[in-house]
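Colleague: I have a few "why is it called that" questions about this model. Could we go through them together?

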Amino acid sequence: MPPADPVHAADPADPVDPVGRGVMLVRAARRGDTLALHDLLDHLTPYISRICRPIALDDGPDATQEALVAVFTSLRALREPEALYGWVRAISVREAVRVAKRAARARPAELTDVPERGDPQLAADIDDVLARLSPAHRAVLVLRDIEGMDEESAAALLGVPTGTAKSRLHRARQSFRKAWSA
């Protein structure tokens with residue numbers, strides 16, 4: 001029996017690591033393999049969703065879809081297939097912030113309007129608290145505290161100076177703590 005095609009192998013026990021698989025799929029898709037392109041988008045969807053959801057909140061699925069479309073249409077612009085995940089992360093953050101702003105969530109809720117402790121209106125979960133932050137604050141918080149990026153990398157990805165990213169992160173954490181403990 002011939003060995004399985006490593007690019008199209010759908011076996012979860014596939015010996016190829018996920019990063020290596022993504023790179024192989026990019027190379028095949030760029031050669032015109034439409035099945036590899038489909039597999040690549042399926043492969044990237046959970047990663048993109050994990051980035052978009054905490055930034056775009058309820059519009060996370062829309063942001064994920066927009067990011068997938070951007071990846072699809074810009075795949076030929078990716079210079080180094082090995083940089084796939086950083087490139088996809090940048091697209092995902094950009095699209096999540098754009099979708100969140102489009103959904104009129106650009107202004108953070110006034111923290112003085114947070115219901116008192118015990119008020120049934122207050123949902124004690126992270127999504128509720130994240131919803132009180134602006135998309136820019138959510139983005140830097142997700143990149144630093146969920147994705148584990150340093151301030152310089154997060155700033156570069158967001159296209160802002162490092163000092164701006166640091167101040168946004170400080171304000172986001174401060175607002176998050178205040179809303180969480182309210």
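Modeller: Happy to. Let's start at Leu57, which sits in the loop between helix 2 (34-56) and helix 3. Bear in mind throughout that this is a predicted model.

Colleague: What makes the phi of Leu57 worth pointing out?

Modeller: Its sign, given the residue type: the phi of Leu57 is positive, about 55 degrees, although Leu57 is not a glycine.

Colleague: And how do you know whether Leu57 is buried or exposed?

Modeller: Buried means under 20% relative accessible area. Leu57 has 12%, so Leu57 is buried.

Colleague: On to the helices flanking that loop. Why are helix 2 and helix 3 called oblique to each other?

Modeller: Two packed helices are described by the angle between their axes and the distance between the axes. Here the angle is about 140 degrees, and the axes of helix 2 and helix 3 are 8 Å apart. Roughly antiparallel would need an angle over 145 degrees, and roughly perpendicular runs from 65 to 115. An angle of about 140 degrees fits neither, and helix 2 and helix 3 are therefore oblique to each other. Their crossing is right-handed.

Colleague: Which residues meet there?

Modeller: From helix 2 they include Leu37, Leu41, Leu44, Thr45 and Ile48, and from helix 3 they include Gly60, Ala63, Thr64, Leu68 and Phe72. By class, this contact has 11 nonpolar, four polar and one charged residues.

Colleague: Leu68 is in that list. What makes Leu68 buried?

Modeller: The same kind of reasoning applies. Leu68, which lies in helix 3, has a relative accessible area of 11%, and the limit is under 20%, so Leu68 is buried. Leaving aside neighbours within four places in sequence, Leu68 is in contact with Leu41, Thr45 and Ile48. The C-alpha atoms of Leu68 and Ile48 are separated by 7.8 Å, while the two residues are 20 apart along the chain.

Colleague: What about the other pairing, why is helix 3 called oblique to helix 4?

Modeller: Helix 3 (residues 60-74) and helix 4 (residues 84-102) pack at an angle of about 135 degrees, with their axes 8 Å apart. That makes helix 3 oblique to helix 4, because the angle is not over 145 degrees and lies outside 65 to 115. Helix 3 passes helix 4 in a right-handed crossing.

Colleague: Who makes that contact, and how do the residues divide by class?

Modeller: On helix 3, Asp62, Glu66 and Ala70 are among them, and on helix 4, Trp87, Ile91, Arg94 and Glu95 are among them. The residues of this contact divide into nine nonpolar, two polar and six charged.

Colleague: One more residue: how do you know that His137 is buried?

Modeller: His137 lies in helix 6. Its relative accessibility is 17%, and with the limit at under 20%, His137 counts as buried. Not counting residues up to four places away in sequence, His137 touches Arg168, Arg171 and Ala172. Other buried residues of helix 6 (residues 135-146) include Pro135, Arg138 and Leu141. Helix 6 is followed by Gly148, whose phi is positive, near 75 degrees.

Colleague: And how many helices and strands does the protein have?

Modeller: There are eight helices and zero strands. Buried residues make up 41% of the 182 residues. Among contacts with a separation of 6 or more, 65% join residues 24 or more positions apart.

Key. Residues are numbered from 1 along each chain as its sequence is written. This is a predicted model: local features need pLDDT of at least 70, side-chain atom pairs count only at pLDDT 80 or more; totals for chains, interfaces and linings use all residues. Side-chain values use heavy atoms; hydrogens and water are left out. Axes are lines fitted to C-alpha atoms, for helices over the stretch in contact, and angles run from 0 to 180 degrees between N-to-C directions. Helices (H or I, at least four residues) and strands (E, at least two) are DSSP runs, numbered from the N terminus. Angles under 35 degrees count as roughly parallel, over 145 as roughly antiparallel, 65 to 115 as roughly perpendicular and the rest as oblique. A crossing is left-handed if the near helix is turned anticlockwise from the far one by less than a right angle, and right-handed if clockwise. Contact means heavy atoms within 4.5 Å. Ala, Val, Leu, Ile, Met, Phe, Trp, Tyr, Cys and Pro count as nonpolar, Asp, Glu, Lys and Arg as charged, and the others, Gly among them, as polar. Buried means under 20% relative accessible area, exposed over 50%, partly exposed in between (1.4 Å probe, protein chains only).
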